[in-house]
Amino acid sequence: MGEKTEADDGRNPNTNPAPVAEQLPIVPTAGTPASVAQPAARPVHSLPGTPGGPGSGGRSGAAGKPGRSSGAKPKSRPRPANNKPDRRTYSTPTDALPTTPRSVRPDRSNAAARKVLRRLVQGETPPTQAMSIVERLAGSPYANPTIQVSGPDINARRTLDFALSLAETMFRYGAGALEVETSIIAVTAAFGLDNIEVDITNQSVILNYSAKDQTPVTVLRVVRSWTNNYAGLLKVHQLVTDVVNGGTSRIEAAARLDEITHKPKPFPRWMVTAAFGVFGAAIVSFIGGGPLESLISFASCIGVDLLLRQLGKWRVPEFFAVATASGMVTIIAMLFWWLDLGIAPSFVVVGGILLLLPTGRLVSATQDAINGFPVTAAGRYLSAFLVFAAIISGIAVALVAGALVGVPELTLTTEGSMYPLPVAAALVLIAVAMIGVAEQTDMKLLLPTALIGVTGFLLYSLVVTLGVGYRLAPALAAVLIGMLARMVALRMGAPQLVVAVPAVMFLYPGLMVFRSMYGLTIETELIGSGTNSLFNALTIILAIAGGVVLGDNLARPLTKGVSSNERRNRRR
């Protein structure tokens, strides 16, 4: 009675079975597999602690039937029909709940307004990588070069040497730094050298080629001499155009460049000397001189050319050679004035002064300064102003020497043509054509260059008639000449400088330079007026050079489809 049986401890499975956690129902969705949504049913008697299950003492769940013995093998659990069981796990009951569909279309009603607002608020996107050097050709006559299909040149050093020889030739013939740089980039790109850097400083050219996984190569060339050869510059321009178009190999291009540098100039020396004289006579007549003044100027300009040639043979520096030549022209004018032949000495001097002015150098320096070559521009400006200072020094020394020997005081006349407009236009035509001969321009460019000069003169006469100031009128004429020069030059396969420089020669204030120097050296009471005149002359000279460059840039949009240089085939 006092012993407690197994049924009395409160743990008898028949009277008080252990609680079993039941599995929560799974709500099926479209992506729920069948094996998870309907798991295999497990019989109740197979659970531990239930009648008929393990630990039930061998009793059966059905009354009147003997239970299975404990040593009998249990039934194997039926396997699901899917051989590849689902590997996804559902850790929480909420995983089986339906979710919001992902195909909801966003609201794009204000997309355009948000895009415009983003453009207004956002800053400029910075470049993600360095700009290719070939992009420097945009806007130049060599844009979009044709790359040779053979790929990069095997011998890159020979290509670099050819590019250096090309740059040296262009510098010697008077090309600007921008034109030299674009020619080098175009040629090297056409021959397959992409990783090129070009550095141009005054009279030196440095090229660096650094291909990937190769040793970099750097070459240098220094230009130490200059010459007047616009015909040679035109041939070089055409050579670069042929290379860019893909019709000339490197070996052929090197042979053609060597032929250009050794080819004689188009006009002999005696013709150049005669052209100097005719130019002086035409300019003196244009500004208002008589036949006698024109004849004296003809002789003095021929003497200037012969003197400069001889001083060049003696290796005399340019400053002293130019000073000597300007002094000689002034002495000749003062001598005829002393003989009382009834001439105006200021007119006689003008022809020689215009011949000595470094017109091409000033235009090139202005182009370099505007186009982003400050070092080269500074060097060329310094050289040009030294020549200008040499002209002033020669005139001043000659005037002082004449006053010491007793030459009477000079009579300074003002500028004003004594001929009607058609005759003055014809004189400009002759003067510009003669300067083209003196600069060794190609024969086919002489007449177009002269006609462009006449067009600029007509505009100059018009704006002067309208009352425009004497500083602005030459600048406006130079802008028109610069525009027309680019259009005509590119159509004829030449650089703009070859046409523009001779065409603006008649605009330079040679008479103002002489009058200012006379006021500074002889008439000391007019030193203020002389200084003002000299400053005005410098201003007009720089305005003319700037006008030529401005006209060149204004004509760029108008010349995109012109000439064989800016090719219609836009492939690379």
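Select D340 to start: D340 sits in the loop between α9 and α10 (345-356). This is a predicted model, and every stop below is read from it. D340 is not a glycine, yet D340 has a positive phi of about 55°. Is D340 buried or exposed? D340 counts as exposed because its relative accessibility is 65%, and the cut-off for exposed is over 50%.

**A second residue with positive phi**

Now select Q440, in the loop between α13 (421-438) and α14. Q440 also is not a glycine, and has a positive phi of about 60°. Is Q440 buried or exposed? Its relative accessibility is 6%, so Q440 counts as buried; the limit for buried is under 20%.

**The nonpolar patch**

Go next to the surface and select L292, L295, F298, L335, W338, L339, L341, V400, L404 and V405. Together these residues form a nonpolar patch with about 960 Å² of accessible area. Which elements give two or more residues to the nonpolar patch? They are α8 (291-313), α9 (318-338) and α12 (374-405).

Keep V400 selected from that patch; V400 lies in helix α12. V400 counts as partly exposed because its relative accessibility is 38%, and partly exposed covers the range between the 20% and 50% limits.

**Along helix α12**

Stay in α12 and select A378, which is found in this helix. With 45% relative accessibility, A378 counts as partly exposed. Add T366 to the selection and look at the two C-alpha atoms: A378 and T366 are 12 residues apart along the chain, and their C-alpha atoms are separated by 9.4 Å.

**Aromatic pairs**

How many aromatic pairs does the structure hold? There are six. For one of them, select Y381 and F385, which form a stacked pair with 6.0 Å from centre to centre and 15° between the planes. Both Y381 and F385 lie in helix α12, four residues apart, which is about one turn of the helix. F385 counts as partly exposed because its relative accessibility is 36%.

Another pair is F457 with F506, and this one is edge-to-face: 6.3 Å centre to centre, with 75° between the planes. The pair links distant parts of the chain, as F457 and F506 are 49 residues apart. F457 is in helix α14 (residues 443-465), while F506 is in the loop between α16 (496-503) and α17 (510-521). Are F457 and F506 buried or exposed? Both are buried. Add F286 to the selection: ring pairs link F286, F457 and F506 into a cluster.

**Helices α3 and α4**

Select residues 156-172, which make up helix α3. The 17 residues of α3 reach 25 Å from the first C-alpha to the last, close to the 24 Å expected at 1.5 Å a residue. Colour the buried residues of α3, among them A156, L160, A163, A167 and F171. Just after α3, find G174, which takes a positive phi of about 100°.

Then select residues 177-190, helix α4. Why does the span of α4 agree with expectation? At 1.5 Å a residue its 14 residues should span 20 Å, and the end C-alpha atoms are 20 Å apart, so the two values agree. How many of the 14 residues of α4 are buried? The count is 13, and α4 is mostly covered. Just after α4 comes G192, with a positive phi of about 95°.

**Strands β1, β2 and β3**

Select strand β1 (residues 196-201) and strand β2 (residues 204-209). These two run antiparallel and are joined by six bridges. Which residue of β2 is the bridge partner of T201? It is S204. The hairpin of β1 and β2 has two residues between the strands, and in this hairpin N202 takes a positive phi near 55°.

For the last stop, add strand β3 (residues 217-222). β2 and β3 run antiparallel, and six bridges join them. Select Y209 and look across to β3, where V217 stands opposite.

Key:
Residues are numbered from 1 along each chain as its sequence is written. This is a predicted model: local features need pLDDT of at least 70, side-chain atom pairs count only at pLDDT 80 or more; totals for chains, interfaces and linings use all residues. Side-chain values use heavy atoms; hydrogens and water are left out. Patches are made of residues with over 30% relative accessible area and no salt bridge: like charges are joined within 9 Å, nonpolar side chains (Val, Leu, Ile, Met, Phe, Trp, Tyr) within 5 Å. Accessible areas come from the Shrake-Rupley method with a 1.4 Å probe; for residues, only the protein chains shown count as cover. A salt bridge is a side-chain nitrogen of Lys or Arg within 4 Å of a carboxyl oxygen of Asp or Glu. Buried means under 20% relative accessible area, exposed over 50%, partly exposed in between (1.4 Å probe, protein chains only). Rings of Phe, Tyr and Trp (its six-membered ring) pair if their centres lie within 6.5 Å; planes under 30 degrees apart count as stacked, over 60 as edge-to-face and the rest as tilted. The expected span of a helix is 1.5 Å times one less than its number of residues. Two strands pair if DSSP finds at least two bridges between them.
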